[in-house]
Amino acid sequence: MKSKEKKKGKNKRAEKELKKGKKKAEKVAKPGKLKESAKALRKEIHRLTQELQLKDDQLKALKQGAQADSAAVNDLDMLADFLHESSDTGSISERKKIWERHQYLRSRYEAHLEAGLLKPAARRSADADLRERYGDETGYTEEQLDSILS
């Protein structure tokens, strides 16, 4: 008889544990009340997401800076070509004139960009200003303007 009583006691205990487990499983956390570990994980996810966004922004800025640097190098290459071509004449004053015209073109282009013109229109306007100041023979083609003022 005792063995049957023991089984009943064990069964009762197992049934109580099972009922407790069911009650715990039935309890669902309300949306506003998360457990501390879930809150901590959400905060960590949010912090890491912000960190990633910051790194992405830095990467974009670096890429844009590299593109600007390559444009400046391309611009300097064009100027070097002009200077090399003018070195055949051997005149330092000619090189100085080319440099002044180039600087004037660059400054007019930037002024037109600041005025709100789009890049192609600003290039054409800067070229028109250059031609007006130094004469029509100093102007550039669209392709040259594009490579000089990128």
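Is Glu51 buried, partly exposed or exposed, and what is its relative accessibility? In this predicted model, Glu51 has a relative accessibility of 38% and therefore counts as partly exposed. Its salt-bridge partner is Arg47, with an N to O distance of 2.8 Å between the side chains. Arg47 is likewise assigned as partly exposed, because its relative accessibility is 39%. Both residues belong to helix α2 (residues 36-87), where a spacing of four residues places them about one helical turn apart. An α-helix has 3.6 residues a turn, so residues three or four places apart point the same way.

A comparable arrangement occurs in helix α4, in which Arg131 and Asp127 are four residues apart and thus separated by about one helical turn. Their side chains form a salt bridge at 2.8 Å, N to O. Asp127 is buried, with a relative accessible area of 7%, whereas Arg131, at 28% relative accessibility, is partly exposed. Through shared salt-bridge partners, Glu44, Arg47 and Glu51 are joined into one network.

A further salt bridge links Arg123 to Asp146, whose closest N and O atoms lie 3.3 Å apart. Arg123 is located in helix α4 (residues 119-134) and Asp146 in helix α5 (residues 142-148), so this pair ties together parts that are 23 residues apart in sequence. Arg123 is buried at 12% relative accessibility, while Asp146 is partly exposed at 39%. The count of salt bridges comes to five.

Helix α3 (residues 92-114) comprises 23 residues; at 1.5 Å a residue it should span 33 Å, in agreement with the 33 Å between its end C-alpha atoms. Buried residues in α3 include Ile98, His102, Tyr104 and Leu105. Gly116, which follows α3, has a positive phi near 105 degrees.

Definitions and conventions
Residues numbered from 1 in each chain as written. Predicted model: local features only at pLDDT ≥ 70, side-chain atom pairs only at ≥ 80, totals over all residues. Heavy atoms only, no water. Helix = DSSP H or I, 4+ residues; strand = E, 2+ residues; numbered from the N terminus. Expected span 1.5 Å × (residues − 1). Buried < 20%, exposed > 50% of the residue type's maximum accessible area, 1.4 Å probe, protein only. Salt bridge = Lys/Arg side-chain N within 4 Å of Asp/Glu carboxyl O.
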